[in-house]
Amino acid sequence: MPSIRKYRRDTTEVSCCLKYVIFGVNVLFWFLGLIVLAVGVWAWTEKDTFNNLSRLTNIALDPAFILICVGTITFIIGFTGCVGALRENTCLLACYAVFLALLLLAEMTAGILFFVFKDWIKQQATSGFQTFITHYREDPDQQNLIDWIQEDWLQCCGVEGPRDWDRNAYFNCSSGAVGSREACGVPFSCCRNKPQDIIRNKQCGYDVRKPTYSFDIAKIIYDKGCLEAAEEWFDRNLLIVATSAVCTAFAQILGICFAQNLRADIFAQKAKWH
């Protein structure tokens, strides 16, 4: 009876599957980070921020700056993982694993601090949103962000209610004396959408906070503040948020393990050659 010879992959051989899984996933993150970074830089250029450094007083609240930070971090992690796997560079793979570990640690720390200092974070979020309202007409990025939060995401108006728009110079009720047509009103994003409206009415919030306003305000604008609406949204979607956080952490742990296994294969192969 002829003998059957069994072939086994050399344990010192670099796994092509592992190598190209890391490469394929991270090349997507690399391009995604590049796109987000480019959008953030473009937004700063459009606002002429680079030539007007006085705008940097509220840099932490600038959506363009946040995009630049997120894009830079994503680009660096994607670059180290993509190039490290493709070139079988153990140094880049080590950096990739370290970056993922630090990011995972930061996310876990942020999650713990969120529940421990929930009231403090709520105060900071309230203060930040109030600052957005104050500078609503000064920064188009902040304006678009507020409009998206109020109209599309939470269906709310102001931080605690429509009266918060008194913080803005254009919507303050005393602004009528200086000729502001928006005085004692709210932005159009506070208005309730009507299915029959084909064109968005940008003037729907005019005069709604005046004592002499003759229509039912509750039918025209949202009377709930965004802080309360955000808490209700979080309570409704707690399971989804928790599941997403767990899946993200699991993916990062897998990335760290894959990178370490690939490094071990590369080291073993180099040891065999020598």
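Me: Which side chains meet in a salt bridge at 2.2 Å, N to O?
Reply: Those of Arg137 and Glu182. The pair links distant parts of the chain, 45 residues apart. Arg137 sits in the loop between helix 4 (118-134) and helix 5. Glu182 sits in the loop between helix 5 and helix 6. Keep in mind that this is a predicted model.

Me: Is each partner buried or partly exposed?
Reply: Buried means under 20% relative accessible area. Glu182 has 14%, so Glu182 is buried. Arg137 has 32% and counts as partly exposed.

Me: How many salt bridges does the structure hold?
Reply: Nine. One of them joins the side chains of Glu151 and Arg200, at 2.7 Å from N to O. Glu151 lies in helix 5 and Arg200 in the loop between helix 5 and helix 6, so this pair ties together parts 49 residues apart in sequence. Glu151 is buried at 13%. Arg200 is partly exposed at 26%.

Me: Which residues are linked in a network of salt bridges?
Reply: Arg181, Asp207 and Lys210. Within this network, the side chains of Lys210 and Asp207 meet at 3.2 Å, N to O. Asp207 is buried, with a relative accessible area of 17%. Lys210 is partly exposed, at 34%.

Me: Back to helix 5. Where is Gln143, and what does Gln143 touch?
Reply: Gln143 is in helix 5, which covers residues 140-153. Leaving aside residues up to four places away in sequence, Gln143 touches Tyr136 and Arg137. Arg137 is also the salt-bridge partner of Glu182. The relative accessible area of Gln143 is 19%, so Gln143 is buried.

Me: How do I check the span of a helix, say helix 3?
Reply: Work out the expected span at 1.5 Å a residue, then compare the end C-alpha atoms. Helix 3 runs over residues 90-116, which is 27 residues. The count to multiply is one less than the number of residues, so the expected span is 39 Å. The end C-alpha atoms are 39 Å apart, which agrees.

Me: Which residues of helix 3 are buried, and what do they pack against?
Reply: The buried ones are Thr90, Leu92, Leu93, Tyr96, Ala97, Leu100 and Leu104. They pack against helix 1 (16-46), helix 2 (63-86) and helix 7 (238-273).

Me: What caps the N-terminal end of helix 3?
Reply: Asn89 does. A side-chain oxygen of Asn89 lies 2.9 Å from the backbone nitrogen of Cys91.

Me: Which residues make the nonpolar surface patch?
Reply: Ile112, Leu113, Val116, Phe117 and Trp120. The patch is about 530 Å². Helix 3 gives the most to this patch, with three residues. Leu113 lies in helix 3. Leu113 is partly exposed, with a relative accessible area of 38%.

Me: How should I read a positive phi?
Reply: Start from the general pattern. Most residues other than glycine have a negative phi. Now the cases here. Phi of Glu88 is near 55°, a positive value in a residue other than glycine. Phi of Cys184 is near 60°, also positive in a residue other than glycine.

Me: Where are Glu88 and Cys184 found?
Reply: Glu88 is in the loop between helix 2 and helix 3. Cys184 is in the loop between helix 5 and helix 6 (226-236).

Me: Is each of them buried or partly exposed?
Reply: Cys184 has a relative accessible area of 6%, so Cys184 is buried. Glu88 counts as partly exposed, at 23%.

Note on methods: Residues numbered from 1 in each chain as written. Predicted model: local features only at pLDDT ≥ 70, side-chain atom pairs only at ≥ 80, totals over all residues. Heavy atoms only, no water. Helix = DSSP H or I, 4+ residues; strand = E, 2+ residues; numbered from the N terminus. Buried < 20%, exposed > 50% of the residue type's maximum accessible area, 1.4 Å probe, protein only. Contact = heavy atoms within 4.5 Å. Polar contact = N/O pair within 3.5 Å; in protein donor to acceptor, adjacent residues only side chain to side chain. Patch = residues over 30% accessible without salt bridge, like charges linked within 9 Å, V, L, I, M, F, W, Y side chains within 5 Å. Areas by Shrake-Rupley, 256 points an atom, 1.4 Å probe, with all protein chains shown as cover. Salt bridge = Lys/Arg side-chain N within 4 Å of Asp/Glu carboxyl O.
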